[in-house]
Amino acid sequence: MINRRKTLKALGIGALGASGIPGLITPKTIAQHSELATTALNSLNIPPLEEGSITDTVRQFQLTMQRGSRSFLPDSPSETLGINGDYLGPTLHFRRNEDVSLQIHNQIGEPTTLHWHGFHIPASEDGGPHQTIAVGDTWNPQYKVLQPAGTYWYHSHMLHKSAEQVYKGLAGLIIVDDESNEELDLPSTYGTDDIPLIVQDRNFNREGALVYRASYEDTVIGTHGDTILVNGTWRPYFEPQTALVRFRLLNAANARTFTFAFSDGREFYQIASDGGLLNSPVPMTTLELAVAERAEILVDFSDGREVTLVSLGKTPTFPEFPGGMSGMIRSLNAQSFDILAIRPQQNLSGQVILPQRLENIGRPTGIITEITRKIRLSMGFGTRSGDDRGPGRGARNGRGGGHGGGHFSINGRVMDVNYINERIPLYSTEIWELTNTSPMMHPFHIHHGLFQVLDRDGAPPPANELGWKDTVKVNPGELVRIVMRFEDFADPDNPYMYHCHILEHEDRGMMGQFLVV
Ligand code: C2O
Ligand code: CU
Ligand code: CU
């Protein structure tokens, strides 16, 4: 056991210095502007851990999607949506290879769905746009938990309404455990040294109420907020009791990409990505997460110093020219934020050790039927983009561009629930070539299961993208190749979705459907 482990310091090899990354405002700059260290008001809310109850070896959950009211800001009630609560939902605790059954009650007064993001389950249980739960109805998905131990999430996937429903609170975390992950002795006491951080940017009106604006800009680049909530907490602080803490980061924003760092530039270790543990801890000082991506990180607080988790703004690189588009693109992720004030308590307990080896994920081998599929992500602004005449029919299809923005397409097609974009033969290994003809990054997500990133523009992905993924950033002009297996859950009637996870893009058509047949 002993020689499997080393202290964090001894392991600190070749970390990326934040100052070495061009275009990022360094943590030092942040620290000078950091207000949260003194203004954090609220103890970080920890969503309740929901274990469900076991009947006949099946773990059963009761989830009520409901309307609520919450004062995020002092004495300023907002109308919200939540699951078993007024905003967000409980953290569901599943174990690998176990059967779960969930009773989902829709009490929000409008149709909705609940999707299990990252889960490898039959399409009929997936909670996508085809599993709409009518007002007042109950939906009862049942499935076996097959994916690796890790951090997943659930959220509304209502056609054309995901952005607004998630924004108002219809999302929650899922933690999957298995035996091999329990053997590693990682910090795993939920709420004490294993801390979920659901990070969201939101807008509040003058009265201090949460507002979903749906402005022109929000529809084009996705809703960006100027106020950070973590687990629904405004201006949060967290008081570690242990020297080593595991944070489970989920970017649950509608559109914003966060670049996480600590205000003193301290090093931390990423141990897991979307689909569970990485092969070994990756030392880093900055960590970029696009919408829907997750990361588990280990942070050493043994020095007892106060520090702030921040998100670093990026220097705009997109050229300036007249008209709305340039300004919108230049504003993307340019702002820095304080995310969470951290105030270690006196006499931190526990040691700062971590395993050197976490998992044993190999690159995909044994490819039997290899199919390469091209996926092109496009958006039209005020003018016709012209480069994207896809094969589609109908008023908006096959055009790519158009007036007023919001022409979001994949391979020239706008999402149509009645059209199957791709048919994937069972037992195939597929390589998807993802490209992006638009001027902004799109986080591309596929239902049905986890994939691996093969390369970015022909170069190997960074160390923290070598694990299992379900969402991957595709930058403007970039070619990202991913690989995945389709070896079960064939169903000629129920499709899976693939889409951009900027929720306003998904809602406006940057989504497609595939069958496994
Ligand atoms: Cu997180 Cu199709 O969804
Ligand atoms: Cu999903
Ligand atoms: Cu997008």
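**Note on the copper sites, a mixed sheet and two loop residues**

1. Asp75 counts as exposed, at 76% relative accessibility (exposed means over 50% relative accessible area, buried under 20% and partly exposed in between, with a 1.4 Å probe and protein chains only). The structure is a predicted model, in which local features need pLDDT of at least 70 and side-chain atom pairs pLDDT 80 or more, while totals for chains, interfaces and linings use all residues. Side-chain values use heavy atoms, without hydrogens and water; residues are numbered from 1 along each chain as its sequence is written, chains are lettered from A and ligands numbered from 1 in the order written.

2. The backbone at Asp75 deserves a remark, since this residue is not a glycine and yet has a positive phi of about 50 degrees. Most residues other than glycine have a negative phi. Asp75 is found in the loop that connects E5 with strand E6 (77-83) (strands, E, are DSSP runs of at least two residues, numbered from the N terminus).

3. Asp56 also has a positive phi of about 50 degrees without being a glycine. The loop that holds Asp56 runs between strand E4 (53-55) and strand E5 (58-71). Asp56 is exposed, its relative accessible area being 69%.

4. The copper ion (ligand 3) takes its protein donors from His442 (ND1), Cys500 (SG) and His505 (ND1), at distances of 2.0 to 2.1 Å. Donors are N, O and S atoms within 2.8 Å of the metal (3.2 Å for Na, K and Ca), and sites may look incomplete because water is not among the atoms. Along the sequence, the spacing of the donor residues of the copper ion (ligand 3) reads H-x57-C-x4-H. His442 belongs to strand E31 (residues 442-446) and Cys500 to strand E35 (residues 496-500), so this pair ties together parts that are 58 residues apart in sequence. His442 and Cys500 are both buried.

5. A further metal site is that of the copper ion (ligand 2), coordinated at 1.9 to 2.0 Å by His115 (NE2) and His445 (NE2). His115 lies in strand E9 (residues 115-117), whereas His445 lies in strand E31; the pair therefore ties together parts that are 330 residues apart in sequence. Both of these residues, His115 and His445, are buried. Strand E31 thus recurs in the description of both sites: it holds His442 and it holds His445.

6. An open sheet of seven strands, with mixed pairing, follows the order E16-E15-E14-E18-E23-E20-E21 (two strands pair if DSSP finds at least two bridges between them). At its edges stand strand E16 (233-234) and strand E21 (276-284), each of which pairs on one side only.

7. Within that sheet, strand E18 (residues 244-251) and strand E23 (residues 294-300) run antiparallel and are joined by seven bridges. Val245 stands opposite Val299 in E23. A reader tracing this pairing in the model may start from these two valines.

8. Arg456 is part of strand E32 (residues 452-456). Despite its charged side chain, Arg456 counts as buried, with 12% relative accessibility. Arg456 and Val474 are 18 residues apart along the chain, and their C-alpha atoms are separated by 8.7 Å.

Notes:
Helices (H or I, at least four residues) and strands (E, at least two) are DSSP runs, numbered from the N terminus.
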